[in-house]
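I opened my notebook beside the model today and kept a short record of what I looked up. Here are the entries, in the order I made them.

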Amino acid sequence: MGVLGTGAYVPDRIVTNAEVAAPAGVDDAWIRRKTTIRERRWADSDQATSDLAAEAGRMALAAAGITAADLSTIVVATSTPDRPQPPTAAYVQQLLGANAAAFDINAVCSGFVFASAVAHPLVRASGGYGLVIGADVYSRILDPRDRKTVVLFGDGAGAVVLGPVSGGGIRECRLHTFGQMSELISVPAGGSRLPSSPHTHAAGLQHFTMDGRGVREFVETTLPELVKQFLYDCNVSPHEIGHVVPHQANGVMLDDTIPELGLHTAHVHRTVGEYGNTGAASIPITLDRAAAGGALRTGDLILLIGFGGGMSVGLALIEWSS
């Protein structure tokens, strides 16, 4: 089982650093210095996560040369669903005109790798093809005054079609969750622990919150050893990795962390400067950019690296086959 096609969609609206800087009390130079982000895309008021996801899904289906009728499974990774229920994947199924089992996975910014790891054996067992989508609309849950978050996040969706390939494919996935650090990233209100109310809204508890320093420390201290152990267990040497597609959390964080992974000969693909942090969409958007640009060749080894709230880490090793 491997990747037969990729697709990505970002909204038309370009949000400059200048637009987000003023309410947050910073400026363009500060944002670039802290994140390397130049701009991001935000969804229009009439666009929901499912709309972005369906557009990315259509592009992936076209790239794979199949139709929605061929799908047996649709998995949407998102932490910004259309509604608490039903699953956003059900709306995507309807929008695509598919007749497939459809469900969501929430592992925040690691979600796409988690969703791929779950979909891979399901599709192999059930036959047909699988559509895995990472999609988020973070602009709806940001506090415009919080410089730790509003300058980072954009909206978007990326997708892959999984199906049988003649060689290569998804070699291995590994998923980690560190629940003791679950408070580093959260949306405090809106769930069963703290239902939404006039009080929670007045206190701003519906907004996305992040302990930026804690997240950075987690990534820098945890990720290198997990990546090295994963490759060792896969019997793959670091120099065999041709491409790294990491979660596009923050450009400065990537600059500081990627060299510690020991993947010195790999090409690291980045879209963070143009799109910001698009949550679960960041890896498939970046993978699609690499595939569409002709950077990926048959037989290339690609390492996907997701990390995000939970805290969670998802790793996937793919031998490119399309």
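**Entry 1: helix 2.** Which residues of helix 2 (residues 28-35) are buried? I found Trp30, Ile31 and Thr35. They span an arc of only 95° around the axis, so they sit on the same side of helix 2. A reminder to myself: this is a predicted model. Next I looked up what these buried residues pack against, and got helix 1, strand 3 (39-41) and helix 8 (251-257). Just after helix 2 comes Thr36, with a positive phi near 70°.

**Entry 2: Asn17.** I then went to helix 1 (residues 17-24), where Asn17 is found. Is Asn17 buried or exposed? Its relative accessible area is 1%, and under 20% counts as buried, so Asn17 is buried. Leaving out residues up to four places away in sequence, I noted that Asn17 touches Asp28, Ile31, Arg32, Ile37, Arg38, Glu39 and Arg40. Ile31 is a name I already had from the buried residues of helix 2.

**Entry 3: strand 14.** How many residues of strand 14 (residues 312-319) are buried? Seven of the eight are, so strand 14 is largely enclosed by the rest of the structure. I checked its partners next. Strand 8 (residues 169-177) runs antiparallel to strand 14, joined by eight bridges. Strand 13 (residues 301-308) also pairs with strand 14 in the antiparallel sense, over eight bridges. Ala316 was a handy landmark: Cys173 stands opposite it, and Leu304 is its bridge partner too. The hairpin of strand 13 and strand 14 has three residues between the strands, and there Gly310 takes a positive phi near 140°.

**Entry 4: the cores.** I looked up the largest nonpolar core and got 51 residues, with Val227, Ile241, Leu263 and Ile305 having the most contacts inside it. At least two residues each come from helix 1, helix 2, helix 7 (212-233), helix 8, strand 13 and strand 14. Helix 7 gives the most, with eight residues. I picked Leu263 for a closer look: beyond residues up to four places away in sequence, Leu263 touches Val227, Leu231, Pro238, Ile241, Val244 and Leu303. Another core lies apart from this one, with 27 residues, including Phe112, Ala115, Leu296 and Trp320.

**Entry 5: the record.** Last, I turned to UniProt, where an unreviewed entry places the domain "Beta-ketoacyl-[acyl-carrier-protein] synthase III N-terminal" at residues 103-177. In the model, this span is 21% helix and 40% strand, and its end C-alpha atoms lie 20 Å apart.

Note on methods. Residues are numbered from 1 along each chain as its sequence is written. This is a predicted model: local features need pLDDT of at least 70, side-chain atom pairs count only at pLDDT 80 or more; totals for chains, interfaces and linings use all residues. Side-chain values use heavy atoms; hydrogens and water are left out. UniProt positions are given in the numbering used here, feature names are shortened, and annotations may be inferred rather than shown by experiment. Helices (H or I, at least four residues) and strands (E, at least two) are DSSP runs, numbered from the N terminus. Buried means under 20% relative accessible area, exposed over 50%, partly exposed in between (1.4 Å probe, protein chains only). Contact means heavy atoms within 4.5 Å. Two strands pair if DSSP finds at least two bridges between them. The arc is that of the directions from the helix axis to the C-beta atoms. A nonpolar core is a set of buried Ala, Val, Leu, Ile, Met, Phe, Trp, Tyr and Cys residues joined through side-chain atoms within 4.5 Å.
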